[in-house]
Amino acid sequence: MALPAEEWRLCAARRWAALEPALRERLAAASLHDTLRLGCGLLRPEAEAAALRRLCRRARAGKEPAAARFYREEGNRLFGRRHYGAAVRLYSQAASHELPGSPEVSVCFANRSAALFHLGRFEVCLEDIARAESHGYPNRLLPKVLLRKAECLLCLGRLQDAADALSVVENKIAMDGIMTSPAHQTLLKKLSQLKIKIHEKESCPEPAREACDDVQRNSEIWEENDSISGASSSLSLNFDIERGRHLVASQDILPGQSLLKEEAFVSVLCPGESLLLQDSRETVWDTRVTNADLYCHRCLRQLLASVPCRGCSYAKYCSQNCADVAWEQYHRTECSLGALLLALGVFCHVALRTVLLAGFAEVSRLVEWSHDGDKDIRNPEARCKHLSEAPDTRGGTRGIPGCNDNGQYQSSYQAVFNLLPHAEKHSPEHKFLCMLSVVAICKQLQEAGLEAAVLNQESSEKWSKPKTSEKTSSELSPELKIMAEAMLRHVLQLQCNAQAITVMQESESGDGAVVNKKPVRLATAFFPVLSLLNHSCCPNISVSFSGTAATVRASQAIPSGQEIFHCYGPHRCRMRVAERQQLLSQYFFECRCQACLDELESDVKSVVSVRNSFCCPSCQASMQVGEDMLYCSNEACAISVSRESLSRRLRDLQQQIKKALELLRDRKADQATKMLLKCKMDAGNFLSPEHLLMGEMEDHLAQVYASLGKWQDAARHLERSIEIVEMHHGPSSIEMGHELFKLAQILFNGFAVSEALSTIQRAEEILSVHCGPQSTQIQELQEMKACLLELPRSILQRT
């Protein structure tokens with residue numbers, strides 16, 4: 001949720017409508033500085049602030065023992081049913097709601113270690129056992145956990161450590177005295193069995209495995225650019241009033257060549273929608289899994305056993321180190337604001353974290369400089385001239401906005417600040433909503449006694465617990481007004497400069513034999529260097545992500561002198577030009593890329609229109625478009641059908657496909673197959689054979705047959721899907737790479753060796769261009785290939 005919750009948007013809209021017309025007029029024309037000056041007192045305690053408090057009560061980001069008990073009991077229930085992965089997630093939820101250092105949180109970690117042991121994740125299991133001990137796990141229960149520790153060490157081949165752990169258990173049992181209960185007898189039996197296993201392994205050590213050195217992949221050719229941080233030397237930075245800052249190839253670039261590697265200046269994980277409950281009286285705790293449960297809130301690595309924040313139930317981390325760094329850099333300020341930030345949306349959260357990372361001194365310096373350019377806000381040429389005179393850290397100037405006095409464009413706060421907010425182009429109502437939101441955050445900071453922490457005026461020891469502010473005035477301090485002004489600038493910048501960090505996430509499937517992945521938005525971030533790239537509906541680069549880092553690669557050959565283009569979303573292969581132009585209006589420009597010009601200046605229908613068209617229900621010839629009717633192109637047929645009736649038929653078909661996929665998720669593969677085959681037959685009567693939906697149905701059928709182990713049928717349907725994907729997206733597109741990856745898995749599982757090897761090679765060639773040789777999918781393909789090549793030569797020859 002990038003923007004604030006709907007209730008807050010409606011509340012802000014009512015406040016805007018109730019303002020005096022003269023004040024609305026002044027706010028509409030005001031600079032960012034004057035917007036804050038005029039609007040800072042418009043957040044009324046009895047109205048808007050009260051509405052936010054109601055929203056915050058629903059977000060539930062604090063510690064709640066009742067929730068912890070619920071999640072722990074649910075985890076125990078699923079553990080008993082041997083659903084260990086789900087149990088791990090529920091124990092993590094329970095731990096996030098318990099107070100740090102309490103015996104209850106130690107039980108959560110101990111229970112989670114048991115589930116991790118059954119999953120074979122021994123190293124992580126040991127970490128949880130250590131956490132349980134450090135948080136005061138009950139002394140009477142320790143022997144069982146310590147035996148699990150010894151068994152983990154044994155499984156990892158650490159025999160001496162395992163023996164030492166068993167000695168600790170023996171000493172503890174001896175100190176506690178004779179134990180006669182059945183549970184204690186089971187414990188002693190387990191201890192005896194482990195001692196025997198250790199002795200056997202010491203007596204008959206397993207043959208040492210040959211060290212399998214990781215395959216040394218060809219390192220990507222990389223020469224750092226002298227002027228642009230993280231960029232290849234094959235790029236140069238240009239600037240003009242029409243195109244702004246942009247990157248150009250300074251030499252010929254090959255497909256797959258790395259052009260840019262950049263860490264996000266700031267990133268914020270996108271939470272799940274379920275975090276904002278619909279009813280504040282709701283007492284049933286939500287067990288749905290969201291991104292907030294699956295990924296580290298700092299580095300965005302995938303979580304297995306999360307480390308909870310010590311102050312809130314929302315923030316979770318992959319390690320104690322990540323938790324400590326996040327706390328030191330920004331979370332000590334954000335922690336008590338968790339519910340408010342969830343209510344106000346990711347853009348406001350990114351804006352707050354940006355100024356916290358930059359620090360008050362840098363924010364204040366750049367805000368003060370920006371006031372000199374407020375008079376030019378309506379004059380783009382003057383504004384560009386003013387931007388080109390931006391100060392650097394030592395007071396020099398350079399011709400390109402954001403560069404320092406050495407002419408270097410770095411991934412810095414100065415570069416973020418120089419991204420255009422387009423304040424004069426946003427609607428007055430939207431600017432007012434953003435202004436009220438950032439004022440609400442700053443007032444909460446002031447009321448919670450966190451102002452000094454935000455302004456870097458106290459040591460970190462004093463920040464561990466927020467103190468109540470002595471200020472009773474509703475007026476923001478001058479320093480917080482500066483922070484609010486910078487935050488307002490960043491919220492407005494994000495509409496045109498926010499970068500979605502995506503991850504290939506497994507979608508739900510029948511049995512997991514074939515991993516079906518799709519890109520999912522994981523976080524919203526500022527990448528100052530990546531933001532230099534202008535849009536094209538037919539880009540010449542691909543962007544991939546690893547944690548908070550972005551890598552840009554050439555997706556095709558780029559000759560020297562050609563601009564580097566990124567696609568902001570609507571690609572020419574996926575959408576008609578009119579729809580693309582409408583979507584791109586949010587970026588405040590009219591797209592004049594070559595793809596749009598070709599379609600706008602030609603009478604020929606776009607490829608998307610032709611391939612995603614209807615066909616005649618009678619003779620299957622293509623339908624020609626009229627105003628409200630569609631006409632068969634076959635003169636001998638001459639059937640006409642209303643556009644609405646065909647559109648309704650298409651919507652009904654999509655609903656049927658959705659029901660079939662629900663059946664597949666419920667492991668009712670036979671019913672799903674029948675429904676999808678019927679959908680395919682119905683679609684053939686009124687959709688073009690090349691329609692993308694036809695390809696999607698073939699893909700779904702392949703998924704169903706794979707879940708049944710019918711590999712040949714699955715491959716046949718997926719090959720048809722690949723034909724349609726290639727028609728729409730091209731033979732070297734990322735979409736083709738993903739489809740070939742799935743086909744490789746099906747052929748691998750079906751033991752079709754030669755076909756699998758050739759498909760793996762095709763998939764590798766495409767995915768290495770778009771994602772690079774280190775990507776997860778490339779590694780999985782190479783593992784499959786290595787496995788197939790190890791088969792006896794006689795089998796390889798037969799297949």
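**View 1. An open sheet of three strands in a predicted model.** In this predicted model, three strands (E in DSSP, runs of at least two residues, numbered from the N terminus) form an open sheet in the order β4-β8-β7 with antiparallel pairing, where two strands pair if DSSP finds at least two bridges between them. The edge strands, each pairing on one side only, are β4 (266-269) and β7 (499-506), and the twist averages 40 degrees from one strand to the next. Residues are numbered from 1 along each chain as its sequence is written. Local features need pLDDT of at least 70, side-chain atom pairs count only at pLDDT 80 or more, totals for chains, interfaces and linings use all residues, and side-chain values use heavy atoms, with hydrogens and water left out.

**View 2. The pairing of β7 with β8, and the helices on the sheet.** Eight bridges connect β7 to β8 (residues 517-526) in the antiparallel sense, and alanine 500 stands opposite threonine 524 of β8. Helix α21 (residues 478-497; helices are DSSP runs of H or I, at least four residues) packs on the sheet and touches β7 and β8, its direction making about 145 degrees with that of β8; contact means heavy atoms within 4.5 Å, and angles run from 0 to 180 degrees between N-to-C directions of axes fitted to C-alpha atoms, for helices over the stretch in contact. Helix α15 (residues 346-358) lies across β4 and β8, running at about 140 degrees to β4.

**View 3. The hairpin of β1 and β2.** Strands β1 (residues 235-240) and β2 (residues 244-249) run antiparallel and are joined by six bridges, while a hairpin of three residues leads from β1 to β2. Leucine 237 has leucine 247 in β2 as its bridge partner.
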